[in-house]
Amino acid sequence: MPTNKRSKFRGSRTCGGGTHKNRRGAGNRGGRGRAGINAHHFVKWYKEMGGPVFGKDGFCNQTSTDVTAIDVGALDQIIPSLLAQGIAKTEGDTIVINIADMGIDKVLGSGKVTRKINISASAFSETAKAKIEKMGGKVLVE
């Protein structure tokens with residue numbers, strides 16, 4: 001009497017796999033490669049890739065441009081470090097900042113302005129202009 005599968009199937013043509021046609025081709029393993037990742041091989045690919053890996057996602061706008069922006073409130077908070085680095089200058093009681101030196105294109109209006117600031121940038125939002133001018137500062141569009 002055989003004690004393990006290897007010796008049990010020794011001399012057998014199909015080794016317990018049914019007829020000799022059964023273990024033939026990719027149909028036996030559910031397809032080749034990533035076939036069936038939406039269905040029967042889903043868990044296998046999900047584990048290997050760390051998440052859903054099938055299909056397209058979103059679209060790519062060919063005419064889009066990346067605009068770097070900063071909020072007025074954030075700019076107001078980092079003024080001491082900008083003065084220390086030499087990016088901003090003090091002229092009397094106003095602080096003069098050129099945003100282009102920081103690599104930023106646009107100033108947005110979120111946050112509070114607590115100082116008189118003269119800012120020059122490529123673009124400003126309407127709320128940013130209003131907040132800066134309300135404190136007595138100036139907005140210069142380059």
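In which sense do strand 2 and strand 3 pair, and over how many bridges? I began my notebook with this question, keeping in mind that the model is predicted. I found that strand 2, residues 88-91, and strand 3, residues 94-98, pair in the antiparallel sense over 4 bridges.

**Entry 1: the hairpin.** I looked up one rung of this pairing and noted that T90 has I95 in strand 3 as its bridge partner. The hairpin of strand 2 and strand 3 has 2 residues between the strands, and I wrote down that G92 takes a positive phi near 70° there. As background I reminded myself that strands of a sheet pair through backbone hydrogen bonds, either parallel or antiparallel.

**Entry 2: from strand 3 onward.** I then followed I95 to strand 5, where its bridge partner is I117. Strand 5 covers residues 117-121, and its pairing with strand 3 is in the parallel sense, over 4 bridges. I95 therefore appears twice in my notes, as the partner of T90 and as the partner of I117.

**Entry 3: an open sheet.** Which order do the strands of the open sheet of 3 strands have? I read the order as 1-4-6, with parallel pairing. Strand 1 (69-71) and strand 6 (123-124) are the edge strands, since each of them pairs on one side only. I checked strand 1 against strand 4, residues 106-108, and found parallel pairing over 3 bridges; within it, I70 has V107 in strand 4 as its bridge partner.

**Entry 4: L83.** I turned next to L83, which has its place in helix 4, residues 79-85. Is L83 buried or partly exposed? Its relative accessible area is 32%, so L83 counts as partly exposed, because the partly exposed class runs between 20% and 50%. Leaving aside residues up to four places away in sequence, I listed A88, K89, T90 and I95 as the residues that L83 touches. I also looked up the pair L83 and V96, which are 13 residues apart in sequence and 9.6 Å apart in space, C-alpha to C-alpha.

**Entry 5: A88.** A88 has its place in strand 2. I noted a relative accessibility of 5% for A88, which means that it counts as buried, because the cut-off for buried is under 20%. With residues up to four places away in sequence again left out, A88 touches L82, L83, I95, V96 and I97. For a pair at another distance I took A88 and G51, which are 37 residues apart in sequence and 46 Å apart in space, C-alpha to C-alpha.

**Entry 6: the chain as a whole.** Finally I stepped back to the protein chain, which has 5 helices and 7 strands, in the pattern α-α-β-α-α-β-β-β-β-β-α-β along the sequence. What radius of gyration does the protein chain have? I noted 33 Å, whereas a compact globule of 142 residues would have one near 14 Å. The C-alpha trace spans about 100 × 35 × 20 Å along its principal axes. Buried residues make up 23% of the 142 residues, and among contacts between residues at least 6 apart in sequence, 27% join residues at least 24 apart. I recorded an accessible surface of about 10300 Å², with 51% belonging to carbon and sulfur atoms. My last note was on charge: the chain has 23 positive and 12 negative side chains, and the centres of the two sets lie 32 Å apart.

Notes
Residues are numbered from 1 along each chain as its sequence is written. This is a predicted model: local features need pLDDT of at least 70, side-chain atom pairs count only at pLDDT 80 or more; totals for chains, interfaces and linings use all residues. Side-chain values use heavy atoms; hydrogens and water are left out. The radius of gyration is taken over C-alpha atoms; the globule rule is 2.2 Å times the number of residues to the power 0.38. Buried means under 20% relative accessible area, exposed over 50%, partly exposed in between (1.4 Å probe, protein chains only). Contact means heavy atoms within 4.5 Å. Accessible areas come from the Shrake-Rupley method with a 1.4 Å probe; for residues, only the protein chains shown count as cover. Lys and Arg count as positive and Asp and Glu as negative; His and the chain ends are not counted. The place of a charge is taken as NZ of Lys, CZ of Arg, CG of Asp or CD of Glu. Two strands pair if DSSP finds at least two bridges between them.
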